[in-house]
Amino acid sequence: MTDTPQSASGQADNITMSGGGLYSLATIGAKHVIDNATPMVLQALQQIKQLPAGNQPWCFSDMGCADGGTSLDLWRNVIKFIRQQQTPEWSAASSADIQIVYADQARNDFNALVQILHGLTDFESYLHEFENIHALESGSSFYLPILPGQSLDLGFSATAMHWLSSKPCDISDHVHMVGAAGDELATFAKHAASDWQTILLHRARELKSGGRLILVNFAIDEAGQYLGNTGGINMFDNFNRIWQDFLEQALITETEYKAMTLPQYYNTVEEFSQPFNDPDNAVYKAGLRLSEIKTATVECPFAADFEQHNDAEKFAQAYIPTIRSWNESIFHGALATDRPAQERRDLIENYYGTYQNQVAQNPQGHGMGYVHAYLSIVKE
Ligand SMILES: C[S@@+](CC[C@H](N)C(=O)[O-])C[C@H]1O[C@@H](n2cnc3c(N)ncnc32)[C@H](O)[C@@H]1O
């Protein structure tokens, strides 16, 4: 078994989304997920009992924010909601300063985040629409403390916490834990449970008493569905088939095949809930309680578009960049470093080109439907 080193930055190596704002352009589905979670966030805000008083600011976090483009509307809606409150309890809180801490791992493209937030791109930022809004950036992983103790009113994260702190082992015959079995699956599950606890314990310390978390995480739902496996072709099996084909054609080595194991884990509802159900668990003892957990799917926007335009080539060209935006760095990192850089780049182009040709030639059943668990958590 190999253990991917977890650096001092608290994250596994090679996890980087596409930079330069490409992430948000390619992942409209992730924005739909955040839009779906917005009512839960507004409800959580309404439930906060200890509102900021005097000159205290609001403090929010957006953990695993990438370039920030997909959550612009969420934060616009949160700010609007706060500013519109008119009841006496909200008199100080509705006009209080608002601090939003955008956190991601240190390798994230923070330049793209800053440019999107400050209106230097085609995305419509909310920053200049309101007064006294402070967007701050943090390169601290969610496996580390991000904020001082007792300072956070509401923490948010979407589609990020499936990335483990490190790769617990290589999976010998698949690229993802959804295709793992036996000891390898058990090793992933144990590592993921420990990571989930670490995330929650750091947040428990950061939250004010009565503060809340809305976490929207990839999941395996009650019907066994998960990302790219909502009927039709299983996306992860297809990743694996093409990578295995590359091995059979001797384009890559056995070591490179195995090294392509995504350091991700998709929890079930039971696994997400476990720390909250056991009074002896450190998370429970730290005061965190699960108010709500539900699963929901969001259809692949590219497959949905294809149903309208019926142009397979157009579908393939739009769909493959969304996949590349989050897993290219892992495929690239699996290739031996003694291969010339150009050869590695060519192999990666060949890999995604193969996938794209498959979709263009036989588009039926392809797609990356999203399956998430939506969790609402409160600190007592
Ligand atoms: C798929 S993107 C999600 C971006 C955005 N939240 C959304 O929903 O569109 C996943 C993000 O999680 C970040 N990420 C992965 N591991 C992380 C860690 N340990 N701490 C913070 N962010 C992490 C990645 O860098 C990436 O920006």
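## Helices 10 and 11

Helix 10 (residues 301–309) packs against helix 11 (residues 312–334) at an angle of about 175 degrees. Their axes lie 10 Å apart. The two helices are therefore roughly antiparallel to each other, since an angle over 145 degrees counts as such. This is a predicted model.

Which residues of helix 10 and helix 11 make the contact? Helix 10 brings Phe302, Asp305, Phe306 and His309. Helix 11 brings Lys314, Phe315, Ala318, Tyr319 and Thr322. By type, the residues of this contact divide into 5 nonpolar, 2 polar and 2 charged.

## The buried side of helix 10

Four residues of helix 10 are buried: Pro301, Phe302, Ala303 and Phe306. Phe302 and Phe306 are also part of the contact with helix 11. The buried residues of helix 10 pack against two elements, helix 2 and helix 11.

Asn310 follows helix 10. Its phi is positive, near 60 degrees. Most residues other than glycine have a negative phi.

## The sheet

The model has an open sheet of 7 strands. Their order is 3-2-1-4-5-7-6, and the pairing is mixed. Which strands stand at the edges? They are strand 3 and strand 6 (288–298). Each has a single partner strand, so one side of each is left without a neighbour in the sheet. On average, neighbouring strands are turned by 15 degrees against each other, direction ignored.

Helix 2 (residues 28–47) packs on this sheet. It touches strand 4 (152–158), strand 5 (207–218), strand 6 and strand 7. The direction of helix 2 makes about 160 degrees with that of strand 5. Helix 2 is also one of the elements against which the buried residues of helix 10 pack.

## Strand 7 and its partners

Strand 7 (residues 370–379) runs antiparallel to strand 6, and 10 bridges join the two. In this pair, Leu290 stands opposite Ile377 of strand 7. Strand 5 also runs antiparallel to strand 7, with 7 bridges between them. Here Arg212 stands opposite Val378 of strand 7.

Is strand 7 mostly covered or mostly open? It is mostly covered, with 9 of its 10 residues buried.

## Around the ligand

There are 23 residues around the ligand. Which of them come nearest? They are Ala30, Gly64, Ala66, Thr70 and Ala160. The shell divides into 13 nonpolar, 9 polar and 1 charged.

## Two sites in helix 5

Helix 5 covers residues 182–206, and Gly182 belongs to it. Asp195 is found in helix 5 too. Is Gly182 buried or exposed? It is exposed, because 8 other C-beta atoms lie within 10 Å, and 12 or fewer count as exposed. Asp195 counts as buried, because it has 22 C-beta neighbours inside 10 Å, and the cut-off for buried is 20 or more.

Distances to other parts of the chain fill in the picture. Gly182 and Leu215 are 33 residues apart along the chain, and their C-alpha atoms are separated by 29 Å. Asp195 and Met161 are 34 residues apart along the chain, and their C-alpha atoms are separated by 9.1 Å. Leaving out residues up to four places away in sequence, Asp195 touches Tyr143, Leu164 and Ser165.

## Positive phi in two loops

Asn132 has a phi near 60 degrees, a positive value in a residue other than glycine. Where does Asn132 lie? It lies in the loop between helix 4 (110–117) and strand 3 (133–138). Strand 3 is one of the edge strands of the sheet. Asn132 counts as partly exposed because it has 13 C-beta neighbours inside 10 Å.

Ala250 also has a positive phi, near 60 degrees, and is not a glycine. Its loop runs between helix 6 (235–248) and helix 7 (254–259). Is Ala250 buried or exposed? Ala250 counts as exposed because it has 7 C-beta neighbours inside 10 Å.

Definitions and conventions
Residues are numbered from 1 along each chain as its sequence is written. This is a predicted model: local features need pLDDT of at least 70, side-chain atom pairs count only at pLDDT 80 or more; totals for chains, interfaces and linings use all residues. A residue is near a molecule or strand if its C-beta atom, placed from the backbone, lies within 6 Å of it. Ala, Val, Leu, Ile, Met, Phe, Trp, Tyr, Cys and Pro count as nonpolar, Asp, Glu, Lys and Arg as charged, and the others, Gly among them, as polar. Axes are lines fitted to C-alpha atoms, for helices over the stretch in contact, and angles run from 0 to 180 degrees between N-to-C directions. Angles under 35 degrees count as roughly parallel, over 145 as roughly antiparallel, 65 to 115 as roughly perpendicular and the rest as oblique. Two residues are in contact if their C-beta atoms, placed from the backbone, lie within 7 Å. Two strands pair if DSSP finds at least two bridges between them.
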